[in-house]
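Hi,

Here is the structure I promised to pass on. Have a look at it first, and then read my notes below.

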Amino acid sequence: MTALIPNIWTFLALTLILGGAGAFVTGRTMAQTWRERWKAVAYMVPLAGAVRFLHYALFEEPSDLFHAAPTFILLTAFALVGFAHARSRQMQAQYPWLTGR
């Protein structure tokens with residue numbers, strides 16, 4: 001395919017589905033336990049490394065910074081969406097008078 005994404009199906013299966021689900025749940029858990037947003041981002045470093053290792057070990061794809069950076073960015077986006085979703089639900093439950101509901 002391209003130099004950045006050697007095989008679109010492995011990218012979809014490993015990075016977006018498995019890694020994205022793990023990142024979303026991690027971000028949601030960070031918000032539910034009232035931790036800071038930067039901790040959710042920090043936890044994406046080992047998760048991105050694990051996803052890139054699976055790409056390397058299972059499909060012999062390169063595992064360098066050129067391929068790891070987009071994986072980290074996508075997983076961070078999933079984690080921040082999960083964090084924002086959970087934190088907004090938390091704030092609505094904790095402080096209902098702020099939203100007027």
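Let's start with Trp 97, which is exposed because its relative accessible area is 63%, over the 50% cut-off. Keep in mind as you read that this is a predicted model. What does Trp 97 pair with? Its partner is Tyr 95, and the two rings sit edge-to-face, 5.6 Å centre to centre with 80 degrees between the planes. The count for the protein chain comes to one aromatic pair. Tyr 95 has a relative accessibility of 30%, so it counts as partly exposed.

Now the overall picture. The protein chain has five helices and zero strands, and reading along the sequence gives you α-α-α-α-α. As for the outline, the C-alpha trace spans about 55 × 20 × 20 Å along its principal axes. The radius of gyration is 16 Å, whereas a compact globule of 101 residues would come out near 13 Å.

How much of the protein chain is buried? Buried residues account for 27% of the 101 residues. The accessible surface comes to about 6,500 Å², and carbon and sulfur atoms hold 69% of that. On the charge side, there are 8 positive and 4 negative charges, and their mean positions are 23 Å apart. Contacts tend to reach along the sequence too: taking those between residues at least 6 apart, 78% join residues at least 24 apart.

Next, two loop residues with a backbone angle worth a look. Most residues other than glycine have a negative phi. Trp 34 is not a glycine, yet its phi is positive, at about 60 degrees. You'll find Trp 34 in the loop between helix H1 (8-32) and helix H2 (37-42). Is Trp 34 buried, exposed or partly exposed? Its relative accessibility is 45%, between the 20% and 50% cut-offs, so Trp 34 counts as partly exposed.

The other one is Glu 60, again not a glycine, with a positive phi of about 55 degrees. Glu 60 belongs to the loop between helix H3 (44-59) and helix H4 (65-94). With a relative accessible area of 70%, Glu 60 is exposed, because that is over 50%.

Helix H4 gave me several things to report. Let me take them in sequence order.

Ala 69 is in helix H4. Its relative accessible area is 31%, so Ala 69 is partly exposed. If you go from Ala 69 to Phe 83, you move 14 residues in sequence and 21 Å in space, C-alpha to C-alpha.

Thr 71 is also placed in helix H4. Why does Thr 71 count as buried? Its relative accessibility is 1%, and buried means under 20%, so Thr 71 falls on that side of the cut-off. What does Thr 71 touch? Leaving out residues up to four places away in sequence, it touches Thr 15, Ala 48, Val 51 and Arg 52. Thr 71 and Gly 49 are 22 residues apart in sequence, with 8.7 Å between their C-alpha atoms.

Then there is Arg 87, another residue that lies in helix H4. Which residues is Arg 87 in contact with, leaving aside neighbours within four places in sequence? They are Met 30, Ala 31, Trp 34 and Arg 35. That list includes Trp 34, the loop residue with the positive phi from above. Arg 87 can also be set against Thr 29: the two are 58 residues apart along the chain, and their C-alpha atoms are separated by 9.7 Å.

Last, over to helix H2, which is where Lys 39 sits. Lys 39 has a relative accessible area of 27%, so it is partly exposed. Where is Lys 39 relative to Gly 27? The two are 12 residues apart in sequence and 8.8 Å apart in space, again C-alpha to C-alpha.

If you want somewhere to begin in the viewer, try Thr 71 with Thr 15, Ala 48, Val 51 and Arg 52, then go on to Arg 87 with Met 30, Ala 31, Trp 34 and Arg 35. After that, finish at the Tyr 95 and Trp 97 pair.

Cheers

Terms used:
Residues numbered from 1 in each chain as written. Predicted model: local features only at pLDDT ≥ 70, side-chain atom pairs only at ≥ 80, totals over all residues. Heavy atoms only, no water. Helix = DSSP H or I, 4+ residues; strand = E, 2+ residues; numbered from the N terminus. Rg over C-alpha atoms; globule rule 2.2 N^0.38 Å. Buried < 20%, exposed > 50% of the residue type's maximum accessible area, 1.4 Å probe, protein only. Contact = heavy atoms within 4.5 Å. Areas by Shrake-Rupley, 256 points an atom, 1.4 Å probe, with all protein chains shown as cover. Lys, Arg positive; Asp, Glu negative; His and termini not counted. Charge placed at Lys NZ, Arg CZ, Asp CG, Glu CD. Phe/Tyr/Trp six-rings, centres within 6.5 Å; stacked < 30°, edge-to-face > 60°.
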